[in-house]
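Good morning, colleagues. I should like to take a few minutes to go through one structure with you, beginning with its charged side chains.

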Amino acid sequence: MAPGLRRALREAAIRTPGQVAVAGFDGTPEAESFPPPLATARQDFATTGRRSVRLLVNHSEGRATERPNPS
């Protein structure tokens, strides 16, 4: 979505990053090929999935659940 937003802004003669800052999410590989390169946040889906399953299993088995460690 971020590249599409940047294109729409360019067509409206709004400069990025001069007038508006745009950042992407989920770290698409193409982000670096857009002029200027798109800042993007990446997620570790494998770790998030493992933690989610662990919490679900613990909850379904009646074990006390701990708050997930953000690291």
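The count of salt bridges here comes to two. Please bear in mind throughout that this is a predicted model.

Let me take the pair in helix H1 to begin with. The side chains of Glu11 and Arg7 meet in a salt bridge, with 3.0 Å from N to O. Both residues belong to helix H1, which covers residues 2-11, and they are four residues apart, about one turn of the helix. Is Glu11 buried or exposed? Its relative accessibility is 60%, so Glu11 counts as exposed, the cut-off being over 50%.

The other pair is Arg63 and Glu61, whose closest N and O atoms are 1.9 Å apart. Arg63 has a relative accessibility of 44% and therefore counts as partly exposed. Glu61, at 49%, likewise counts as partly exposed.

That brings us to helix H2, residues 45-60. What span should its 16 residues have? At 1.5 Å a residue the expected value is 22 Å, and the end C-alpha atoms are 22 Å apart, so the two agree. After H2 comes Gly62, which has a positive phi, near 80 degrees.

Finally, I turn to the interior. Which residues make up the largest nonpolar core? There are five: Ala2, Leu9, Val22, Ala31 and Leu38. Within this set, Val22 deserves a closer look. Leaving aside residues up to four places away in sequence, Val22 touches Ala2, Leu5, Arg6, Leu9, Thr16, Leu38 and Ala39.

Thank you for your attention.

Technical notes. Residues numbered from 1 in each chain as written. Predicted model: local features only at pLDDT ≥ 70, side-chain atom pairs only at ≥ 80, totals over all residues. Heavy atoms only, no water. Salt bridge = Lys/Arg side-chain N within 4 Å of Asp/Glu carboxyl O. Helix = DSSP H or I, 4+ residues; strand = E, 2+ residues; numbered from the N terminus. Buried < 20%, exposed > 50% of the residue type's maximum accessible area, 1.4 Å probe, protein only. Expected span 1.5 Å × (residues − 1). Core = buried A, V, L, I, M, F, W, Y, C linked by side-chain atoms within 4.5 Å. Contact = heavy atoms within 4.5 Å.
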